[in-house]
Amino acid sequence: MIFTLQIQHPKLKSQNKTVVFHCYRFSALAEHLKETNLFQLPNFPTFVSCLDDFQSKLDLLSLPNGVVSLCFEPTQFVITLDLCAEIQTTKDWVAKLGQSTMLDQGCKADLGDLTACDTCLRAGNEVHSRLMAIDGNRSHCTDCFDFIVFYAAGIVNEFGTVK
């Protein structure tokens, strides 16, 4: 899944172009999970630092100031206990779901193969059902699914987020 931020800038509009920024949220957070064992960024200052860095890259393109802060909220990236079954780390994940889940078998292969992708999706749905039963809060449904994607891509899949 890709977060897409489309910005129409007057200078580019006259050239009949739209600048499209792809923020690979799932890929980036899966890589972050792999490197740190944290499902999200650890705190608000880290989130602000990341946004400032992204905004500085946009500034180089002479795009409007503050566009990043208008498009991203801390709840999308900063870890709290109020996201999915109080999971914050891979250690929490294992404590809630066990050392091995259906993801570990179903999502290891090259997901470019449609059969493997379908197997991974079914495994993800099974783990999602388990997480929702543990969590008990239906409003966490999307967050739990996101965590499954991060875990499958960052921890389980042998190709990680690069293929």
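Reader: Cys141 first. Buried, partly exposed or exposed?
Author: This is a predicted model. In it Cys141 counts as partly exposed, at 26% relative accessibility.

Reader: Which cysteine sulfur is nearest to that of Cys141?
Author: That of Cys144, 7.4 Å away. Cys141 is in no disulfide.

Reader: And Cys117, why no bond there?
Author: Its closest cysteine sulfur is in Cys120, at 6.6 Å, so the gap is too far for a bond. Cys117 is partly exposed, with a relative accessible area of 34%.

Reader: How many disulfides are there in the whole structure?
Author: Two. Counting bonded cysteines along the chain, the pattern is 1-4, 2-3.

Reader: Take Cys84 and Cys144. How far apart are the sulfur atoms?
Author: They sit 2.1 Å apart and form a disulfide. The torsion about the S-S bond is about 110°, so this disulfide is right-handed.

Reader: Where do Cys84 and Cys144 lie?
Author: Cys84 is in the loop between α4 and α5, and Cys144 is in helix α8. That links distant parts of the chain, 60 residues apart. Cys84 is buried at 0% relative accessibility. Cys144 is buried too, also with 0%.

Reader: What about Cys107 and Cys120?
Author: Those two form a disulfide with sulfur atoms 2.0 Å apart. It is right-handed, with 100° about the S-S bond. Cys107 lies in the loop between α6 and α7 and Cys120 in helix α7, so the pair ties together parts 13 residues apart in sequence. Cys107 is buried at 0%, and Cys120 is buried at 10%.

Reader: Switching to α7. What span does it reach?
Author: From first C-alpha to last, α7 reaches 31 Å over its 22 residues. That is close to the 32 Å expected at 1.5 Å a residue.

Reader: Which elements do its buried residues pack against?
Author: The buried residues of α7 pack against α5, α6 and α8. Among those buried residues are Val127, Leu131, Met132 and Asp135.

Reader: Pick Leu131. Which residues is it in contact with, beyond its neighbours within four places in sequence?
Author: Cys84, Ala85, Ile87, Trp93, Leu97, Cys144 and Ile148. Both cysteines of one disulfide are in that list.

Reader: What comes just after α7?
Author: Gly136, with a positive phi of about 80°. His140 follows in the loop between α7 and α8. His140 is buried, with a relative accessible area of 7%.

Reader: Which side chain does His140 make a polar contact with?
Author: The side chain of Asp135, at 2.9 Å. Beyond its sequence neighbours, His140 is in contact with residues including Asp82, Cys84 and Met132.

Reader: Now the core. How many residues has the largest nonpolar one?
Author: It has 34. Those with the most contacts inside it are Phe39, Trp93, Leu103, Leu131 and Phe147. Its largest share, seven residues, comes from α8.

Reader: Aromatics, then. How many pairs?
Author: Seven aromatic pairs. One of them, Phe39 and Tyr151, is stacked: 6.5 Å centre to centre, 15° between the planes. Phe39 is in the loop between α2 and α3 and Tyr151 is in helix α8, 112 residues apart. Phe39 is buried at 0%, and Tyr151 is buried at 5%.

Reader: And why is the pair of Phe147 and Phe150 tilted?
Author: Their planes are at 35°, with ring centres 6.1 Å apart, so the pair is tilted. Both are buried. They are about one helical turn apart in α8.

Reader: Which residues form one aromatic cluster?
Author: Phe39, Trp93, Phe147, Phe150 and Tyr151.

Terms used. Residues are numbered from 1 along each chain as its sequence is written. This is a predicted model: local features need pLDDT of at least 70, side-chain atom pairs count only at pLDDT 80 or more; totals for chains, interfaces and linings use all residues. Side-chain values use heavy atoms; hydrogens and water are left out. A nonpolar core is a set of buried Ala, Val, Leu, Ile, Met, Phe, Trp, Tyr and Cys residues joined through side-chain atoms within 4.5 Å. Buried means under 20% relative accessible area, exposed over 50%, partly exposed in between (1.4 Å probe, protein chains only). Helices (H or I, at least four residues) and strands (E, at least two) are DSSP runs, numbered from the N terminus. Contact means heavy atoms within 4.5 Å. The expected span of a helix is 1.5 Å times one less than its number of residues. Rings of Phe, Tyr and Trp (its six-membered ring) pair if their centres lie within 6.5 Å; planes under 30 degrees apart count as stacked, over 60 as edge-to-face and the rest as tilted. A polar contact is a pair of N or O atoms within 3.5 Å; within protein, one must be able to donate a hydrogen and the other to accept it, and residues adjacent in sequence count only if both atoms are side-chain atoms. A disulfide is a pair of cysteine sulfur atoms within 2.5 Å.
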